[in-house]
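Dear colleague,

I am passing this structure on to you, and below it you will find some notes on its charged side chains. Please look at the structure before you read them.

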Amino acid sequence: MAWNQPGNGNNNDRDPWKNQGGRDQGPPDLDEAIRNLLGKLGLGGNKGNGGGNNKSGGGIPSRGIGVIVILAVVIWFIAGFYTVKEAERGVVLRFGQYHNLVESGLHWRPFLVDTVETVDVSNVQQFQSEGFMLTQDENVVHVELDVQYRIVNPRDYLYAVENADRSLAQATDSALRFVVGHTTMDEVLTVGRESVRQNTLELLENIIAPYQLGIQVVDVNLLPARPPEAVKDAFDDAIAAQEDEQRFIREAEAYAREIEPLARGQVRRILQEAQAYREQTVLKAQGEVARFEELLPQYKAAPVVTRERLYLETLEKIYSNTAKVMVDVEGSNNMMYLPLDKILEKQRATQEPARSEAQGTNSSPTRSSTSNEPSNSSRSSNSVRTSDRFNDGRG
């Protein structure tokens with residue numbers, strides 16, 4: 001219904017907000033609303049117009065204060081529980097000062113009194129240090145170093161220095177530049193990379209030891225270094241030449257391994273032959289000595305006969321190995337010479353045409369035996385002659 005509806009009499013009893021009596025009450029009082037709420041909770045408040053229990057018009061009784069305190073204590077106790085992960089360790093600070101170190105698991109601390117900072121101590125972390133560096137021979141190379149580390153002391157890691165990770169990075173850069181500055185460019189790029197890595201690791205450990213960073217360097221890995229782009233082609237050629245040098249060295253070593261056993265075998269064979277010759281000569285000399293020792297008593301008994309016999313035996317041995325025959329004619333100063341070797345050569349020359357016409361292989365041994373018959377007969381005649389002279393000499 002409209003306010004100015006006829007018949008209203010311009011009265012305010014038809015106001016939708018029931019503003020009776022023409023008084024503008026406004027919105028409800030906030031303090032009154034709070035007192036009503038506390039009264040419904042049984043914590044005091046406005047329980048009637050009398051309000052006999054409220055000393056100052058709606059205060060909080062002692063019972064309500066106790067409940068609030070209990071609730072605050074429960075909340076504070078629950079808020080003190082915290083969890084440390086398996087790979088982490090917790091550093092407990094009491095009023096900002098180090099208190100103790102806790103392991104992984106569920107723990108409790110006095111809330112607002114102790115604070116806990118967790119640190120990962122199991123996983124290996126890494127970072128890279130790189131840059132253009134000057135070598136010993138005044139060349140510039142771009143070097144990259146991969147550093148792997150893990151935290152072993154959470155307290156030192158957090159509070160020994162301001163920032164342990166940044167301190168480790170700065171120490172790594174300093175150690176790497178020092179080692180590269182004392183190494184030639186060829187060694188950094190090729191054969192000396194392992195030496196650079198090892199020296200950098202040792203120097204880095206010595207640098208960070210006094211600072212007690214709480215960090216253990218697990219390993220460092222020197223990534224392939226590269227020269228500036230302006231000289232890259234020349235260094236590629238140099239590296240290829242060094243690879244060829246190593247290949248030739250390996251080929252030479254393989255050849256040496258192949259030849260050396262053969263040479264050693266020949267050396268052993270020659271040594272064995274020399275040893276056998278020495279033993280043979282010694283045994284032969286010993287045999288000659290034994291033979292002369294047996295001959296000595298005979299020589300002492302009949303020196304003339306023994307001397308003649310030795311002379312004749314020696315001549316017999318000499319003549320048996322030659323084709324020339326000397327014949328001494330008694331009563332004359334002339335000596336006949338029979339050139340049996342020439343006679344045999346002439347006989348072979350006359351038998352060549354017949355040998356070419358012969359068939360088969362059995363004829364050759366026959367002719368050889370035939371051609372040797374004169375020499376055999378001459379040796380037999382010489383032996384008979386020598387024996388006769390020996391018998392004549394013995395009388």
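**Charged side chains**

Asp 137, Glu 138, Asp 186 and Glu 187 form a negative patch on the surface of what is, please keep in mind, a predicted model. One of these residues, Asp 137, sits in the loop that runs between β6 (125-134) and β7 (140-151), and with a relative accessibility of 33% it counts as partly exposed.

Turning to pairs of opposite charge, the count of salt bridges comes to 11, and I describe some of them here. Arg 197 and Glu 194 meet through their side chains in a salt bridge, at 2.9 Å from N to O; the two residues are three apart in helix α6 (residues 193-208), and are therefore separated by about one helical turn. Arg 197 is buried, its relative accessible area being 15%, whereas Glu 194, at 49% relative accessibility, counts as partly exposed.

The side chain of Arg 197 also meets that of Asp 219 in a salt bridge, again given as 2.9 Å from N to O. This pair links distant parts of the chain, since Arg 197 belongs to helix α6 and Asp 219 to strand β8 (residues 215-222), 22 residues apart. Asp 219 is partly exposed, with 31% relative accessible area.

In helix α7 (residues 232-301), Arg 291 and Glu 288 are three residues apart, and so about one helical turn separates them; they form a salt bridge whose closest N and O atoms are 3.0 Å apart. Arg 291 is partly exposed, at 40% relative accessible area, and Glu 288 likewise counts as partly exposed, at 33% relative accessibility. As for shared partners, salt bridges join Glu 194, Arg 197 and Asp 219 into one network.

With best wishes

Definitions and conventions
Residues numbered from 1 in each chain as written. Predicted model: local features only at pLDDT ≥ 70, side-chain atom pairs only at ≥ 80, totals over all residues. Heavy atoms only, no water. Patch = residues over 30% accessible without salt bridge, like charges linked within 9 Å, V, L, I, M, F, W, Y side chains within 5 Å. Areas by Shrake-Rupley, 256 points an atom, 1.4 Å probe, with all protein chains shown as cover. Salt bridge = Lys/Arg side-chain N within 4 Å of Asp/Glu carboxyl O. Lys, Arg positive; Asp, Glu negative; His and termini not counted. Charge placed at Lys NZ, Arg CZ, Asp CG, Glu CD. Helix = DSSP H or I, 4+ residues; strand = E, 2+ residues; numbered from the N terminus. Buried < 20%, exposed > 50% of the residue type's maximum accessible area, 1.4 Å probe, protein only.
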